[in-house]
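Me: I'm new to this one and would like to get my bearings. Can I throw some quick questions at you?

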Amino acid sequence: MGLCLSGSDVRGGKQAVGGAQLRPTSAADHTNVSGQNDAVDFFFKSRGLQALFTQIELSLSASKLRDLDIASKSDPMAVVYAKKRDGRLEEIGRTEVIMNNLNPAWIGKISIAFQFEIVQPLVFRVYDVDTKYHNIPVKMLKLEDQDFLGEASCVLSEIVTKQNRTLTLKLHNNYGLRVSRNFGTLSVHAEETVASKSAVEIAFRCSHLQNVDLFSKSDPFLRISRIVESGNSVPIYKTEVINNNLNPIWRPITLSMQQFVSKKSVGDLEKLHQERTGATFMLPSTQRGHDKVLKSQLFVEKFVEKEQYSFLDYISSGFELNFMVAVDFTASNGNPRNPNSLHYIDPSGRLNSYQQAITEIGEVIQFYDSDRRFPAWGFGGKTFDGTVSHCFNLNGRAGGFEVDGVEGIMAAYASALNNVALAGPTLFGQVINTAARIAGQSLSYDRSKYFVLLIITDGVLTDLQETKDALVRASDLPLSILIVGVGGADFTQMEILDADNGRRLESSTDRVATRDIVQFVPMREVHSGQISVVQALLEELPGQFLTYMRCRDIKPLNVQMAQTCA
């Protein structure tokens, strides 16, 4: 097993400069690939797989359980369920049975995939296993034959956001009634099933690449793949595109142990760095032994081993995601009193697209925000004083833009529809600059906050270049921007802002964005059943968060404290 690096020209998507294959002698094959990277995402999604999750293990313990046995104490076992949207419970796993113990600490772990972009309700039930069933494997036990000791429930996010990743819940009866009777408590601890946090930071450059463009030079990028024992390759990273350059120098990248699996996999890269030599690219041929040797060479300018922390490492140490919302009040939405309006509030309770986006995104992110006070703005509306504003407080107050919880956003939105006249045009610049100012100010007093701005809009941008300028400036800040497009407008501009084509945004002064901070999804694709708005918007957020923290060498709070005390 080893690594294979291939170079491509972005315009034609063709293999333009060949591949440099690096093969160490041997290593164990693992197939898990992690990391927020489009090469990885494409590999999994093209096969109908979802790779954007973190595998964690739950450890369970209980205290002061009820004693239902006469001659001895209860023999408890815990069962964990995932609660589906329709209320159905799906069993995830069971612990072992611990004999004669009212304060059990089970050894068996419950494995579950944590997905940041989904609310994952869990139900825990504890049973006293009858003595006559003790020789039967726990998976074969019929739960209706066992005595019920208590039940508890929570959302998986509530566990992983605790500083020690441990949540203690009060057990109650299985009718949901929390009567005065003491059923004891259940403690749940979460740990990532990651063998190592080892990583390497590598900087690549190439020389004398082939030119495959007619009127300019190639626009190269590197795709890095891991060679498994079968000889096949699994992509693990793709660099940014460098325009019009046959001797590109790419930004440093970080590969985790999960991606390269073994130090042996990157051993040849380390050797290239130490010896200051280059690896020659080959252009593969369909005929064995006829590969073309190119003049192009790959060099490793930097190779540094480091420790890489995960999204959960930061969140569980006290880092927070602070949610912000901006709603489009331009006239193209239609009169809110008209049932055809995108802002129509249905008396039956059916949510419009704005309400749906606020609710679904807010319900996920609120678990990562301790005070749950969210800034909420509107733009493109004629406000209380009769002037058109492109960033006004949704709650109508001059002195404060924060509201309490998702319910507060919904109430402020409904109230604003009665007090703000729809106007225009559609401008994002002021809202983005306001959010960026809040994110920037936080750096002076708290570097453990990361901000997430949700913009919901129905229209085509009037200030595209101003928006690009604002986004390029904001790319240096702890901020991500989620954009939901509602209605049937042409959202081509939003796709440009999303920069999922590998080209980072450029400002009017030719400054390139430090990183991609935008994710866009049109609501019409959600309504057609093609995608989930929550998953589509939030799947890139952990990666954007980590890119910011790692680029600035910001470590989890517990690591910072340990280094300070050392």
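Me: Let's start with strand β3. How many bridges join β3 to β6, and do they run parallel or antiparallel?

Reply: This is a predicted model, to begin with. In it, β3 (residues 54-63) and β6 are joined by 5 bridges and run antiparallel. One pairing to look for is Thr54, which stands opposite Phe114 in β6.

Me: Which way do the side chains of β6 point?

Reply: They alternate along residues 110-114. Ile110, Ile112 and Phe114 point to one face and are buried, whereas Ser111 and Ala113 point to the other face and are not buried. That fits the general pattern: in a regular strand, side chains alternate between the two faces of the sheet.

Me: OK, zooming out. How many helices and strands does the chain have?

Reply: There are 14 helices and 26 strands. The chain has 566 residues, and 52% of them count as buried.

Me: And what share of the contacts join residues at least 24 apart in sequence?

Reply: That would be 73%, taken among contacts between residues at least 6 apart in sequence.

Me: Back to strands. Which strands are joined to β11 by bridges?

Reply: β16 (residues 292-307) is one of them, with 10 bridges to β11. Another is β14 (residues 253-256), with 4 bridges. Both pairings are antiparallel. For landmarks, Ala203 has Lys302 in β16 as its bridge partner, and Ile202 stands opposite Ile253 in β14.

Me: How many residues of β11 are buried?

Reply: 8 of the 10, so to put it plainly, β11 (residues 198-207) is mostly covered.

Me: New topic: holes. How many cavities of 30 Å³ or more does a search of the whole structure find?

Reply: It finds 1. The largest cavity holds about 70 Å³ of space. Its lining includes Leu471, Val472, Leu497, Arg504 and Asp516, and the lining residues divide into 8 nonpolar, 1 polar and 3 charged.

Me: Which residues of helix α9 are buried?

Reply: In α9 (residues 464-474), those are Thr467, Lys468, Asp469, Ala470, Leu471, Val472 and Ala474. Leu471 and Val472 also turn up in the lining of the largest cavity.

Me: What do the buried residues of α9 pack against?

Reply: They pack against two helices, α8 (429-442) and α10 (492-498), and two strands, β25 (479-485) and β26 (518-522).

Me: What about pockets? What volume does the second largest pocket have?

Reply: About 580 Å³. It is lined by 20 residues, and Arg85, Ile118, Val119, Gln120 and Pro121 lie nearest its centre. Elements giving two or more residues to the lining are β4 (76-83), β5 (89-94), β7 (121-128), α6 (353-365) and α12 (533-538). The largest share, 3 residues, comes from α6.

Me: How do the lining residues of that second largest pocket divide into nonpolar, polar and charged?

Reply: There are 9 nonpolar, 4 polar and 7 charged residues in the lining.

Me: Last one: where does Thr383 lie?

Reply: Thr383 is in the loop between β19 (381-382) and β20 (388-389).

Me: Why does Thr383 count as buried?

Reply: Because its relative accessibility is 11%, and buried means under 20%.

Me: Which residues does Thr383 touch?

Reply: Its side chain makes a polar contact with the side chain of Asp385, at 3.0 Å. Leaving aside neighbours within four places in sequence, Thr383 is in contact with Ser389 and Phe392.

Methods
Residues are numbered from 1 along each chain as its sequence is written. This is a predicted model: local features need pLDDT of at least 70, side-chain atom pairs count only at pLDDT 80 or more; totals for chains, interfaces and linings use all residues. Side-chain values use heavy atoms; hydrogens and water are left out. On a 1 Å grid over the protein atoms alone, a cavity is a set of points where a 1.4 Å probe fits but cannot get out, and a pocket is an open set with protein on both sides within 12 Å along at least five of seven lines; lining residues have an atom within 4 Å of a point. Grid points are joined across faces, edges and corners, and a volume is the space filled by probe spheres set on the points. Ala, Val, Leu, Ile, Met, Phe, Trp, Tyr, Cys and Pro count as nonpolar, Asp, Glu, Lys and Arg as charged, and the others, Gly among them, as polar. Buried means under 20% relative accessible area, exposed over 50%, partly exposed in between (1.4 Å probe, protein chains only). A polar contact is a pair of N or O atoms within 3.5 Å; within protein, one must be able to donate a hydrogen and the other to accept it, and residues adjacent in sequence count only if both atoms are side-chain atoms. Contact means heavy atoms within 4.5 Å. Two strands pair if DSSP finds at least two bridges between them.
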